[in-house]
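Me: Please take a close look at one part of this model, the packing of two helices, and then at the core.

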Amino acid sequence: MAQQDMTQVKALTFDVFGTVVDWRGSLIREGQAFGTARGLTVDWASFADEWRGGYGPSMNRVRLGELSWTNIDTLHRLVLDELLVKYGITSLSEADKDRFNRAWHRLRPWPDSVRGLTRLKTRYIIAPLSNGNVSLMTDLAKFAGLPWDCILGAELAKHYKPDREVYQSAADFLDLAPNEIVMVAAHQGDLRAARSVGLKTAFVPRPLEYGPAAKPDLTPDPSFDIVAPDFNDLATQLGT
C-alpha cells in the first residue's frame with residue numbers, strides 16, 4: 001500500500017464483535033460466573049460458540065423478511081432462549097435471562113484495542129460500524145473504555161452487514177465520500193462488502209477469535225489497502 005493512497009482518509013469505522021472485543025472469551029467468563037452462582041454445570045465454550053453461531057441465521061431471518069426489523073439484543077435473546085432449552089437450563093427467572101443476554105454488553109477488548117483506538121482518534125474520526133444496536137454499542141463503549149467519536153451501524157441503517165446500505169450509511173451520516181473512510185475488520189467478507197461500496201479496507205486478523213484450537217484462514221485478500229497485526233500497528237501505518 002502506498003501511503004499517498006490514504007491521504008484523503010478522514011474516518012475509520014470498525015467491526016466490533018471479534019475485531020475490537022473478544023466475544024468468545026468474554027462470554028465463556030460470563031457463563032462460568034453466571035453458572036457458578038446458580039449451580040449450573042455447562043460447557044460454556046460450546047454454549048458461547050452456539051450462541052454466536054445463531055447470529056448469522058437470525059439476521060438472515062430479518063434480511064429475508066421472515067422477521068420485521070429486529071435489533072441484535074432481541075435476536076441474541078431468541079437464540080439464547082433456544083439454547084437454554086437445548087442445554088436443559090430451566091430454572092432461570094426472566095431477570096436472570098435478561099442479565100445473561102446482556103453479557104454481550106460486557107465484552108472485553110483485545111489488549112491492543114483501547115490504546116490503538118486512542119492513537120487513531122488523535123487524527124481520524126473513529127466509530128463502530130457494527131450489527132450491534134446503539135444501546136449495546138454504548139454500553140460496550142462504557143464497559144470496555146472504547147473512545148468512539150460517535151456510534152454508527154446496522155440499527156441506524158435498518159439493515160445488517162454485509163448489506164451495502166450499512167456501509168453507505170457511514171458515509172452519509174459522516175457527510176463523507178466512501179473513499180474517505182477505512183473499514184477495519186477481522187472478517188474478510190465484511191471488508192469485501194465495504195470495498196464494493198467504495199470504502200477503503202484494513203484487515204486486522206484476530207487469530208484467537210474462535211479460541212486457541214481454531215485454525216482460521218488468515219491469508220489476506222491482496223486487494224485490501226492495509227493489513228496490520230493489531231490496532232497499534234494500524235495506527236503506526238496511518239501516521240498516528
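Reply: The helix pair comes before the core. This is a predicted model, in which local features need pLDDT of at least 70 and side-chain atom pairs count only at pLDDT 80 or more, while totals for chains, interfaces and linings use all residues. Residues are numbered from 1 along each chain as its sequence is written, and side-chain values use heavy atoms, with hydrogens and water left out.

Helices (H or I, at least four residues) are DSSP runs, numbered from the N terminus. Helix H1 (residues 23-38) packs with helix H2 (residues 44-53) at an angle of about 125°, and their axes are 9 Å apart. Axes are lines fitted to C-alpha atoms over the stretch in contact, and angles run from 0 to 180 degrees between N-to-C directions. H1 and H2 are therefore oblique to each other; that word covers what is left after angles under 35 degrees (roughly parallel), over 145 (roughly antiparallel) and 65 to 115 (roughly perpendicular).

Contact means heavy atoms within 4.5 Å. On the H1 side, the residues that meet H2 include Trp 23, Leu 27 and Gly 31; among their partners in H2 are Trp 44, Ala 48 and Trp 51. The contact residues divide into 7 nonpolar, 3 polar and 3 charged. Here Ala, Val, Leu, Ile, Met, Phe, Trp, Tyr, Cys and Pro count as nonpolar, Asp, Glu, Lys and Arg as charged, and the others, Gly among them, as polar.

The largest nonpolar core (buried Ala, Val, Leu, Ile, Met, Phe, Trp, Tyr and Cys residues joined through side-chain atoms within 4.5 Å; buried means under 20% relative accessible area, with a 1.4 Å probe and protein chains only) has 56 residues. Phe 47 and Leu 12 are among those with the most contacts inside this core.

Methods
Helices (H or I, at least four residues) and strands (E, at least two) are DSSP runs, numbered from the N terminus. Buried means under 20% relative accessible area, exposed over 50%, partly exposed in between (1.4 Å probe, protein chains only).
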